[in-house]
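Biologist: I'm new to this structure and would like a close look at one part of it. Could you take one chain and walk me through it slowly, then show me how a few spots elsewhere look beside it?

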Amino acid sequence: MTQFIIRRLLQSIPTLIGASIIIFLIFAMAPGDYVTSQLQNPKMTEERAAQLRALYGLDKPLPQRYISWASGVLKGDLGDSLLFKKPVIQVINDFIWNSFILGVAIMFFEWLIASIVGIYSAVRQYSVFDTIATLLVFILYSLPSFFLGLVMLKVFAVDLKWFPLGGMITTGSNYTGWAHIVDVAKHMVLPVATLTLISVGGLSRYFRANMLEVIKQDYIRTARAKGLKERTVIFKHALRNALLPLITLFTLELPSLFAGAMITERIFNWPGIGKVVLEGIYIRDYPLFLGYTMLITVLTILANILADVLYGVADPRVRLK
Amino acid sequence: MDQVNVNQPLDYKKKNNLKKAPSIWRDAFHRFLKNKYAILGLVILTFMFLFSFVGPYFSPYLDAKIDVSKGNQPPSAEHWLGTDNLGRDVLLRLMLAGRISLTIGIAATLIIVLIGGMLGSIAGYYGGWLDVIIMRLADIIYAMPGLPILIMLGAIMSDLKIPPPQRIYYVMFILGFISWVGLARLIRSQILSLKEQEFMLATEVLGLRDSKKIIKHLFPNVLPTVIVSATLGVAGAILSESALSFLGLGVIPPTPSWGYMLSAANNMIDFAKRPWLWIPPGVAIMLTVVAINFIGDALRDAFDPRQKI
Amino acid sequence: MSEPLIEVKNLKKYFPIRGGILQRTIGYVKAVDGVTFTINKGETLSLVGESGCGKSTVGRTIIRLYDKTDGEVFYKSIPIHSLKKSELRKLRPKMQLVFQDPFSSLNPRLRVGDAIGEALLDHGLISKNELRDKVIETMEICGLAPYHIDRYPHEFSGGQRQRIGIARALILDPEFIVLDEPVSSLDVSIQAQIINLLMDLQEQKGLTYLFISHDLSVVEHISTRVAVMYLGSIVEMAARDELFAHPLHPYTQALLSAVPIPDPDLKRERIILEGDIPSPANPPKGCKFHTRCPLAKDICREQVPEYKDVGGGHFVACHLV
Amino acid sequence: MAKNLVEFRNLKTFFYTEEGVVKAVNDVSFSIREGETVCIVGESGCGKSVTALSLMRLIQSPPGKIEGGEIIFDGRDILKLSEAEMRRIRGNEIGMIFQEPMTSLNPVLTIGEQIMEPLMVHKLMTKKEAWNKAIELIKQVGIPRAEQIMTSYPHELSGGMRQRIMIAIALSCDPKLLIADEPTTALDVTIQAQILDLLRKIKQERNMALMLITHDLGIVAEIADYVVVMYAGKVIEEAPVRELFKNPKHPYTRGLLKAKPIIGQRQERLYTIPGQVPNPIGLGDYCYFSDRCEYAMDICRQKIPQLAADENGHKVACWLYEGEWKK
């Protein structure tokens, strides 16, 4: 097992380097940089700008800038966010956990609903439930997340006023303890509902397809020939096999917990890393955006390795000696 | 060479003329038409195309000037969907925006099919170090988060001051270059499994030239997967484009797009008081994408009835 | 009648097993481990053995569908494995192969007429307008009705598809055909039709066959000479009547006694081999059969038996003979 | 004469497909006595497996459905039982093994778990008792190192060993009937000999009926007491094994016996039954073998022949043996 992990880590190093080069090149393509966007304000003079650029090392040739940036990243120094005038690491740390709570809630509801709907419609194939579920899943699957978010806000916040119009806590209130949690929860309902509805479609189709594939296998017929209850056949024999590919899917979704849904956080004004980074891009806060993108890339690569390892642990056939 | 009377050949009772049996593609087409979701999808999609490409000629406001005095009127007899802050007819804007969004969706998908198809088949068919390089590149692009990269490229486009009409083409290429990986991997794995099939080994035994193997044997068997994923790809591309434009980083005025029209909801008053500004484009996107997904799914069943899911 | 058409000298085919961190080759599956035989013109040599004995690999390596690891293959004294790609391609029509699985050996999206005729056209051995008649003629020889020419494979039964596979090979007017378990997946009544077809074609066109099978009764019916394989090597080879009348190698004897005979009154003492067929990845030392051989001695466990002619072309590889 | 354990009476099992209704089992009647080995023999698509699956009520519907007839097992009509009652029979009074050992065991559960399941469900054994019984069963089916096998997974075993485990599972609750659906078709001939030997040993040790489905007449001769020949969903001939091989009546059975090459009895040219099995959809009121039969008469193309027994119980459904005047 460790041998496998080492091999996968070694293999992912070139991918990581490649990704970092491409990302850095994209940023380097940007004509202006933070400094130029400051030129508009009168106090800024030409040579002052040159000094600033030198300070941020923006005047050196490209490969050198990449090396210094990359070595910084390795040492954990992602440079300073221009928007917040503090190290990018700190900015990320401040806001990423708000995205994390949202992400965990979404993922919980998404997997709960998708598994129930997917498995039930597979077991009851061609039933009324199955047809309705498939149709509904189809529509949810095609909804743009921002449109659904806006509609939810309009209906439930503006018109019905059941939920707050956005943000994470009621402005001006300083609840503590349980009251705070309830307040945050109330603010979470609409964004969580939006993103759960968006993602539950695809996942339940995947559950359904997997279950249907497993149900027609020979060992399910053997299980029935043993006279086991249908419940045992489905939940012990079928589900254990159907879940295998889903472990990979679950692990690959973990990075999204940290990435934060940029657009949804912006619509619901949820102070997550997604919203913050999005605002940063409008004022070309490249270090913050660069740091954030690299973080997500690293998490994705690690998630890929974790997915393979977990699959090996779960599936005895693949259990790597 | 006298005919060998091996044992009397199959009975000729059921003799019918030597007309060509319906081709495999016509069979698939008949199965496709029998699927009611496909018909629903086709109807909606044709409506959206007509609405976008033919609709404008029926609108009285095609060449109306901007007249701020008539701005922000709610839906009325003259303006079925009201007017926007510059007094333009929202219905007309919706139609014109449809052209852009549909064109970008299809164009981006063609790019994806071109790049993904080519790289995927080369990697799958020739293998060796070519395969390793292409797949390594695919891993890299696959590892990078899609939306942030798109947003970054959008921001750069704004900085480079690319004129709006040209921006459309840049958006197409960006969408294409970011999302070809999925299709490339799909085609590569399909070619690899096809190459193990006995009928491909047979083409080697028969000594067919590489070109014949690819065109007459691999291509027809990979095509269905490409068609299905390309169709679903258009839906994906439309969603991505409208997201970018919603953030003001994709298609920007004066070029109309559903995404940008939706961003009208960013200003509080329009959001709460003037839903006719941002709800119609949202519905338009949803209808188009649902229709395409119906068609894509029906195509998958039509091509491979065994994989009924 | 008996100058050799095909000569195989000490043919070896190893498939590498990858492992370790850098996926280096850490071992070999010795699918074919040194096989020598000749096939004379108009003869049918059968390769018989159980799964994993390498008979299909021999068949495919001879016509260079797989590249060899070691040894030599001559077709009319032309060294097949040292030809350039273009030379090999020109020789292809002369050496054909009929596959086992009627369902995966035909391109599902290509009309039957094209599948049969395309190679003839591609090799420029016929003009376009003569092609259709030639295809119809060959189809009728193989017992297929002409009106099937434009149909697709999914409209045919297993037996008919096998006929299409044979027509596809036959139309190129080959001299040598490898029949890789052509009737194993067919029903008994259809099997008989295909066997008769193959034997009639051999008679009329003087074809030379390498017949690969695990079914000893079919082998007894169709072969001129028979070679019995076990884990990559030939353990015994002789003329058909000689081998079936006086099997010398214990494995051949066990194989013959294991075949169920459709005669309820036949009482015969049965040799039941213990244990399972070892994996070709790490075959037993010495004589590979010693782990299952009822007569195994110490010498069998250490020394590889010599493959020698014990008289009249009856080859056997066993210390006890 | 032992009493009848299983009686199929005019069983009809149809499959409703897009192209039309496939009458997989079309009015089939025969019976299996206690402790007797009955072989159902026929080519692919003749309905032999569907007959067995109908007895176990494992027909997947849709698309399949048992349309008519009765299956009397140990005095009870299987088709009338509730699902719960049926479950008490499956795996308990009737054991079943299938053709593909490689895919018949659950790949993610250990061998031990899969053997112990029926013991705990039907015999209400504790985990401990079931564990010991499972080890005993593994030894009974001739697999060494039973304890180690208990904790290993199916992919670690060979095809032959997996089929032995399937037999162990089927025998776990001492069933009155064991159904074996082409148990050795996917195995090599030396392994097949081992499995047939095991089945014969089990047959002697237990007074258990065996319903063996196969297309190989050699296996029928070796293990069967009584033979039922099926063609296109119907029983066309049935007789004790010696009688059937010595005096085959139906042209199809005779054709099968001559078409298969036999070691030591080489023929110059194989007898072939021309044509192929008819399309199962839309079969009318005529003998389904008529278009392939050398002796086909007009009556054969007009009316389905019924099974008629001769003096020593050798039944055949063919107009050659039923003179028109008899009817």
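Modeller: Let's go through chain B piece by piece, then visit a few places in the other chains. Keep in mind that this is a predicted model.

Start with the overall make-up. Chain B has 12 helices and zero strands, so no strand turns up anywhere as you follow the pattern α-α-α-α-α-α-α-α-α-α-α-α along the sequence. How spread out is chain B? The radius of gyration is 25 Å, well over the 19 Å that the globule rule gives for 309 residues, so chain B is more spread out than a compact globule. You can see that in the box as well: along its principal axes, the C-alpha trace spans about 95 × 50 × 30 Å.

Now for what is inside and what is outside. Of the 309 residues in chain B, 52% are buried. The accessible surface comes to about 14300 Å², and carbon and sulfur atoms hold 69% of that. On the charged side, chain B carries 29 positive and 20 negative charges, and the mean positions of the two sets are 4 Å apart. As for how the chain folds back on itself, take the contacts with a separation of 6 or more: 70% of them are between residues 24 or more positions apart.

Next, the annotations. UniProt, in an unreviewed entry, gives chain B the feature "transmembrane region" at residues 37-58, 100-125, 137-156, 168-187, 218-239 and 276-299. Two of these are worth tracing on the model. Residues 37-58 are 100% helix and 0% strand, with the end C-alpha atoms 30 Å apart. Residues 168-187 are 90% helix and 0% strand, and there the end C-alpha atoms lie 28 Å apart. From an unreviewed entry, UniProt also lists "domain: ABC transmembrane type-1" at residues 98-296 of chain B. That stretch is 85% helix and 0% strand, and its end C-alpha atoms are 20 Å apart.

The loops of chain B have a couple of details to zoom in on. One is at B:P254, in the loop between α9 (210-246) and α10 (258-262). A cis peptide bond joins B:P253 and B:P254, with omega at about 0 degrees. Another is B:K161, in the loop between α5 and α6 (164-178). B:K161 is not a glycine, yet its phi is positive, at about 55 degrees. Its relative accessibility is 67%, so B:K161 counts as exposed.

For a spot to set beside B:K161, look at D:A232 in chain D. D:A232 also has a positive phi, about 50 degrees, without being a glycine. This one sits in the loop between β9 (226-231) and β10 (234-240) of chain D. With a relative accessibility of 8%, D:A232 counts as buried.

Chain B also meets a helix of chain A. Helix α12 (residues 273-282) of chain A has eight of its 10 residues buried, so it is largely enclosed by the rest of the structure. Among the buried ones are A:I273, A:G274, A:K275 and A:V276. What do the buried residues of α12(A) pack against? Within chain A, they pack against α5 (88-123), α10 (230-259), α11 (262-267) and α13 (286-314), and from chain B they pack against α5 (146-159). After α12(A) comes A:R284, with a positive phi near 55 degrees.

Finally, put chain C next to chain B. Chain C has 10 helices and 12 strands. Its radius of gyration is 21 Å, close to the 20 Å from the globule rule for 321 residues, so chain C is as compact as a globular protein of that length. The C-alpha atoms of chain C fill a box of roughly 70 × 60 × 45 Å along the principal axes. Buried residues make up 61% of chain C, and 53% of its accessible surface of about 12000 Å² belongs to carbon and sulfur atoms. For charges, chain C has 39 positive and 40 negative side chains, with the centres of the two sets 7 Å apart.

One residue to find there is C:L88, in helix α2 (residues 85-91). C:L88 is buried, with a relative accessible area of 3%. Leaving out residues up to four places away in sequence, C:L88 touches C:R64, C:I80 and C:L83.

How values were computed. Residues are numbered from 1 along each chain as its sequence is written. Chains are lettered from A and ligands numbered from 1 in the order in which they are written. This is a predicted model: local features need pLDDT of at least 70, side-chain atom pairs count only at pLDDT 80 or more; totals for chains, interfaces and linings use all residues. Side-chain values use heavy atoms; hydrogens and water are left out. UniProt positions are given in the numbering used here, feature names are shortened, and annotations may be inferred rather than shown by experiment. Helices (H or I, at least four residues) and strands (E, at least two) are DSSP runs, numbered from the N terminus. The radius of gyration is taken over C-alpha atoms; the globule rule is 2.2 Å times the number of residues to the power 0.38. Buried means under 20% relative accessible area, exposed over 50%, partly exposed in between (1.4 Å probe, protein chains only). Accessible areas come from the Shrake-Rupley method with a 1.4 Å probe; for residues, only the protein chains shown count as cover. Lys and Arg count as positive and Asp and Glu as negative; His and the chain ends are not counted. The place of a charge is taken as NZ of Lys, CZ of Arg, CG of Asp or CD of Glu. Contact means heavy atoms within 4.5 Å.
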